[in-house]
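Q: I am beginning to learn how to read protein structures. Would you please take me through one part of this model in detail, and then place that part within the chain as a whole?

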Amino acid sequence: MALEITMFGGFSMRYQGRQLKLERNNMTRSMQVLQLLLYSGAEGVPKQTLMDAIFGDDETVTNPANNLKVTISNLRRILKREGLPDTTTVVFKGGNYHFVSDLEILVDAFLFEQQVQRAEQSTGADRLHQLEQACGLYGGDFLPHMAGDDWAMAAAVHYKKEYMDCAAQLAGALEQAQNWQQLLRLASQASVLCPQEEWDVLRIRSLLAMERYQEAKEVYEETVNRMMDEFGVKPSPRLTDCLRQLEEAVPGRKASLEQLQEVLREDERQQGAYYCPFPSFIDTYRTVCRMLERSGQSAYLMMCWLTDKNDQRVEDKKALGRVMPLVGEAIQAALRRGDVYTKAENDRYLVLLLGINKENCNIVTQRIGNSYKELRRGGRVPAMNLHFKTAPVYDHLDTASGAGRFEL
């Protein structure tokens with residue numbers, strides 16, 4: 001019988017086919033001690049090291065040694081409560097604390113390390129098999145909730161580097177062998193575990209090779225949006241090249257007009273404004289400008305952005321990450337199907353309003369503001385102010401711009 005320990009992507013323990021319900025979260029002192037002891041293996045952890053790791057500079061703890069004893073006692077009680085054998089416990093020996101058990105202890109991080117070593121010692125087809133096995137064992141960042149602790153951060157950096165090395169070697173071999181299906185699986189996994197543009201490029205290239213053009217287009221747009229949202233950068237030359245290949249792929253197959261229409265049309269009819277990535281929005285804006293020069297119709301460009309309660313730029317990216325999707329949803333729901341919007345930066349959207357005048361822009365801002373208030377009602381999201389500014393795209397009668405602010 002074995003005690004299965006997961007440390008990649010989080011922390012959990014399984015015994016006899018069930019996951020143990022240890023503590024309310026993995027950051028209690030008992031759980032921190034348990035994770036450090038499990039990772040230390042047979043060597044154990046010196047008493048002083050444990051006290052420094054668990055209590056650190058906490059000035060409220062006046063007697064760390066006694067507090068550690070209480071924490072260890074609580075940990076023993078938790079292990080017993082979960083039905084583990086009495087031989088599975090924590091002992092103090094030779095100045096070190098140890099996690100001991102008669103059960104076989106299987107730690108995913110250690111299994112991954114062993115598999116990487118097997119891959120390094122293998123050659124040819126067997127090496128590829130061993131690399132594939134190693135990549136399959138990596139389930140995400142090592143104890144991500146412990147990233148503030150030096151020992152956990154060092155381990156996380158080490159394991160991620162080993163995974164990236166294995167994945168890169170395997171990807172190179174699969175691409176050379178033109179094994180596109182397996183390369184797609186690998187790149188898709190890697191793009192989730194270690195989001196990087198290179199994996200998305202491989203996903204697109206694999207899909208193009210398998211003539212799955214619509215999926216390739218979706219991956220391209222997903223990648224462009226992420227790069228813009230997280231880093232505020234435009235598509236790299238590699239991504240642009242993928243787009244060129246995608247654009248050339250369908251005509252190269254001498255598709256009929258009906259087939260091309262099938263590729264161009266939306267997958268399903270949706271209500272509200274149309275969202276597109278920022279690069280596509282640029283093309284749309286320029287096209288609309290040309291159309292309006294000829295038709296004489298009116299259109300406005302609106303910018304919506306968020307500030308904190310003091311009307312200062314929001315620096316907290318996590319807070320923005322929670323609020324901005326609601327703003328986007330409010331824009332999409334409040335506007336018409338003929339309007340277009342995009343996320344221009346991590347704190348602002350651009351909206352292209354067609355067939356509208358200045359007075360109606362104020363109505364639009366009210367609708368968006370009200371829609372957002374409804375969406376966030378009852379939700380626990382940070383309070384931020386939503387601002388609007390509009391400017392005419394092409395209007396021979398009206399060249400003024402307006403601005404507004406909503407306290408949300």
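A: The following account examines one small sheet, then the helix beside it, and then the wider chain.

The structure is a predicted model. The protein chain contains 14 helices and 13 strands, and the part chosen here is an open sheet of 3 strands in the order β4-β6-β5, with antiparallel pairing. In general terms, the strands of a sheet pair through backbone hydrogen bonds, either parallel or antiparallel.

Which strands form the edges of this sheet? They are β4, residues 45-46, and β5, residues 89-93, each of which pairs on one side only. Strand β6 covers residues 96-100 and pairs with β5 in the antiparallel sense over 5 bridges. Within the sheet, V90 stands opposite F99 of β6. The strands β4 and β6 are joined by 2 bridges and also run antiparallel. There, P46 stands opposite N96 of β6.

The connection between β5 and β6 deserves attention. These two strands form a hairpin with 2 residues between them. G94 lies in the turn and has a positive phi of about 60°.

Is β6 mostly covered or mostly open? Of the 5 residues in β6, 4 are buried, so the strand is mostly covered, given that buried means under 20% relative accessible area.

One ring pair can be considered alongside the hairpin. F92 and Y97 form a tilted aromatic pair, with 4.7 Å from centre to centre and 50° between the planes. F92 counts as partly exposed because its relative accessibility is 45%, whereas Y97 counts as buried because its relative accessibility is 7%. The two partners of this pair therefore fall into separate classes, F92 being partly exposed and Y97 being buried.

The sheet also has a helix packed on it. Helix α1, residues 29-40, touches β4, β5 and β6. The direction of α1 makes about 85° with that of β6.

Q35 is one residue of helix α1. Is Q35 buried or exposed? Q35 is buried, because its relative accessible area is 0%. Which residues does Q35 touch, leaving aside neighbours within four places in sequence? Q35 is in contact with M7, F11, N26, L143, H145, M146 and W151.

W151, one of those contacts of Q35, also takes part in a ring pair with F142. Their ring centres are 6.2 Å apart and their planes stand at 80°, so the pair is edge-to-face. F142 is buried, because its relative accessible area is 2%. The structure holds 15 aromatic pairs. Ring pairs link F142 and W151 into a cluster with F8, Y39, F110, F112, Y138, Y159 and Y163.

The next topic is the nonpolar interior. In soluble globular proteins, nonpolar side chains tend to be buried together. In this model the largest nonpolar core has 63 residues. Among the residues with the most contacts inside this core are F11, L34, F142 and Y163. Helix α6, residues 150-176, supplies the largest share of the core, 12 residues. Not counting residues up to four places away in sequence, Y163 touches F112, C135, Y138, Q189, A190, L193 and C194. A second, separate core has 29 residues, including L306, V314, A330 and V364.

Another sheet offers a useful comparison. It is an open sheet of 4 strands in the order β3-β2-β1-β7, with mixed pairing. Its edge strands are β3, residues 18-19, and β7, residues 104-107. Strand β1, residues 2-6, pairs with β7 in the parallel sense over 4 bridges, and E4 stands opposite L106 in β7. Helix α4, residues 108-120, packs on this sheet and touches β1 and β7. The direction of α4 makes about 75° with that of β7.

Finally, some totals describe the whole chain. Of its 408 residues, 43% count as buried. Among contacts with a separation of 6 or more, 65% are accounted for by residues 24 or more positions apart. The accessible surface comes to about 22,200 Å², of which 49% belongs to carbon and sulfur atoms.

To return to the chosen part, the open sheet has the order β4-β6-β5, β5 and β6 form a hairpin, and helix α1 packs on the sheet.

Methods
Residues numbered from 1 in each chain as written. Predicted model: local features only at pLDDT ≥ 70, side-chain atom pairs only at ≥ 80, totals over all residues. Heavy atoms only, no water. Pairing = 2+ DSSP bridges. Contact = heavy atoms within 4.5 Å. Axes fitted to C-alpha atoms, helices over the stretch in contact; angles between N-to-C directions. Core = buried A, V, L, I, M, F, W, Y, C linked by side-chain atoms within 4.5 Å. Buried < 20%, exposed > 50% of the residue type's maximum accessible area, 1.4 Å probe, protein only. Areas by Shrake-Rupley, 256 points an atom, 1.4 Å probe, with all protein chains shown as cover. Phe/Tyr/Trp six-rings, centres within 6.5 Å; stacked < 30°, edge-to-face > 60°.
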